[in-house]
Each structure stands twice: as structure tokens, then as C-alpha cells.
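Got your viewer open? Let's take a walk through this model, one selection at a time.

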Amino acid sequence: STTHFFSQTLDHFGDVRNSGATWRQRCYVDASFWRGPGAPVFLYIGGEGPQGPVSPTLFMHTLAQRHGALMLALEHRFYGESRPAADLSLQSLALLTSAQALADLATFHAHATAAFGLTAQNKWVSWGGSYPGMLAGWFRVTYPNLVHAAVASSAPVIAKLDMQEYNDVTAEAYAL
């Protein structure tokens, strides 16, 4: 796996102050199993912490080997080394939204497609667990023309302010 940085759009939704502004977003590329044209692309989505390369212990890694997939991992904005702003002011943190993160994924898709000469034959599968799992599923729903399938492990895809079901599951686990 190799570490790369690419130029990401700061504000995908047109704040005039940020128009055209970019920042460097970290990603990882693992082409060790990639069979090239027609092979799938597995995109591992980062969450609330630094992102590293795809671990060999993940099921995604096993399936990548089996299907000759290109493995990519994208670090979430504002985490790890992917810092679109120098500070964590309220003005900067206004850019820390799931909508911006989803648009980051779409921009990264275009970047990787060009960088690796991918075509429509290279089907993309987004992967994530918990919050990144939510993003994986939402990426498929929001950009169905870009993502063929999503694996959303442990992902609460219907967000609620007071998620009582989480408390119920946790209480049941601790009661054992």
C-alpha cells in the first residue's frame, strides 16, 4: 500500500469565500491484487480518526484478493493528515459535514478513475463500518452512477437524535 495526497475541493456547495479553494486529502492505494481492466475497485472509507492502509485482517482484503480488486482508502476530512483548515474554528468546522464527505468521495472517484484509467467496467464497491458504513451506504444512494454496491457494517443508516435502540442493544450485551 502506498500513501498519496490529492487536491480536494474545500467547499463542494459553493460558498463564495471558498470558491475554487482546495486542500490535500490523504488516500492509500493497494494494487497488489489488481487485475486491471474490468476488475472491481474497493473503496474503504475513513471515519473519525486517522486512516491507514486496508488491513489484511479485513474481509474486504480477502475479497480483493479473490476478485482482483484495486483497494483504495480515503481519509475523512478533518481527521489524520487530511486537514482542510489550519484551525478548528466554527467557521472551519462548518465544512465538517457528511454531505461534504460524500462529495469528497465523488471527487476522489473522479481522481482515481483518471489516475488509474478506470472505466465503467470497473465496478466500485464502497466499504465502511459504523459512521464510515453510513457514508458507504449513503455514497451508493447519493451517487448510484458511481458506486455499484456498498458494504455498510454496523451502520445506523437512519440517523436519530435519541437512538434508544443503541441503548437497548448495549444494555442487552452488558446483561449477559
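Let's begin with one residue: is Gln100 buried or exposed? Select Gln100 and show a surface. Keep in mind that you're looking at a predicted model. Gln100 is buried, because its relative accessible area is 4%, and the cut-off for buried is under 20%.

**Stop 1: around Gln100**

Now show what surrounds that side chain. Leaving aside neighbours within four places in sequence, Gln100 is in contact with Leu10, Asp11, His12, Phe13, Arg77 and Leu95. Zoom out a little and you'll see that Gln100 belongs to helix H3, residues 98–116.

**Stop 2: helix H3**

Select the whole of H3. This helix has 19 residues and reaches 26 Å from its first C-alpha to its last, close to the 27 Å expected at 1.5 Å a residue. Colour its buried residues next; among them are Gln100, Ala103, Asp104, Phe108, His109 and Ala112. What do the buried residues of H3 pack against? They pack against strands E1, E2, E3, E4 and E5, and against helix H4. Just after H3 comes Gly117, with a positive phi near 65°.

**Stop 3: where two helices meet**

Add helix H4, residues 131–142, to your selection. Two packed helices are described by the angle between their axes and the distance between the axes. For H3 and H4, the angle is about 65° and the axes are 10 Å apart. The crossing of this pair is right-handed. Show side chains here: Ser98, Ala101, Leu102, Leu105 and Ala106 from H3 meet Tyr131, Leu135, Trp138, Phe139 and Thr142 from H4. Sorted by class, this contact has 8 nonpolar, 2 polar and no charged residues.

**Stop 4: the sheet**

Switch to a cartoon view and find the strands. How many strands form the open sheet, and in what order? There are 6, in the order E1-E2-E4-E3-E5-E6, with mixed pairing. At the edges sit E1 (2–9) and E6 (149–153), each pairing on one side only. From one strand to the next, the twist averages 25°. H4 packs on this sheet too, touching E3 (41–45), E5 (124–129) and E6, and its direction makes about 155° with that of E5.

**Stop 5: pairs of strands**

Strands of a sheet pair through backbone hydrogen bonds, either parallel or antiparallel. You can find both here:

- Select E1 and E2 (residues 22–30): they pair in the antiparallel sense over 8 bridges. Look for Gln8 opposite Trp23 in E2.
- Select E3 and E5: they run parallel, joined by 4 bridges. Tyr44 stands opposite Trp127 in E5.
- Select E5 and E6: 5 bridges pair them, again in the parallel sense. Gly128 stands opposite Ala152 in E6.

While E5 is selected, check its surface: 5 of its 6 residues are buried, so this strand is mostly covered.

**Stop 6: two loop residues**

Finish with the backbone at two loop positions. Select Phe78, in the loop between E4 (70–74) and helix H2 (90–93). Phe78 has a positive phi of about 80°, although it is not a glycine. Now select Ser154, in the loop between E6 and helix H5 (164–175). Ser154 isn't a glycine either, yet its phi is positive, about 50°. Which of these is buried and which exposed? Phe78 counts as buried because its relative accessibility is 4%, whereas Ser154, at 67%, counts as exposed.

Conventions. Residues numbered from 1 in each chain as written. Predicted model: local features only at pLDDT ≥ 70, side-chain atom pairs only at ≥ 80, totals over all residues. Heavy atoms only, no water. Pairing = 2+ DSSP bridges. Axes fitted to C-alpha atoms, helices over the stretch in contact; angles between N-to-C directions. Contact = heavy atoms within 4.5 Å. Buried < 20%, exposed > 50% of the residue type's maximum accessible area, 1.4 Å probe, protein only. Left-handed = near helix turned anticlockwise from the far one by under 90°. Nonpolar A, V, L, I, M, F, W, Y, C, P; charged D, E, K, R; others polar. Expected span 1.5 Å × (residues − 1).
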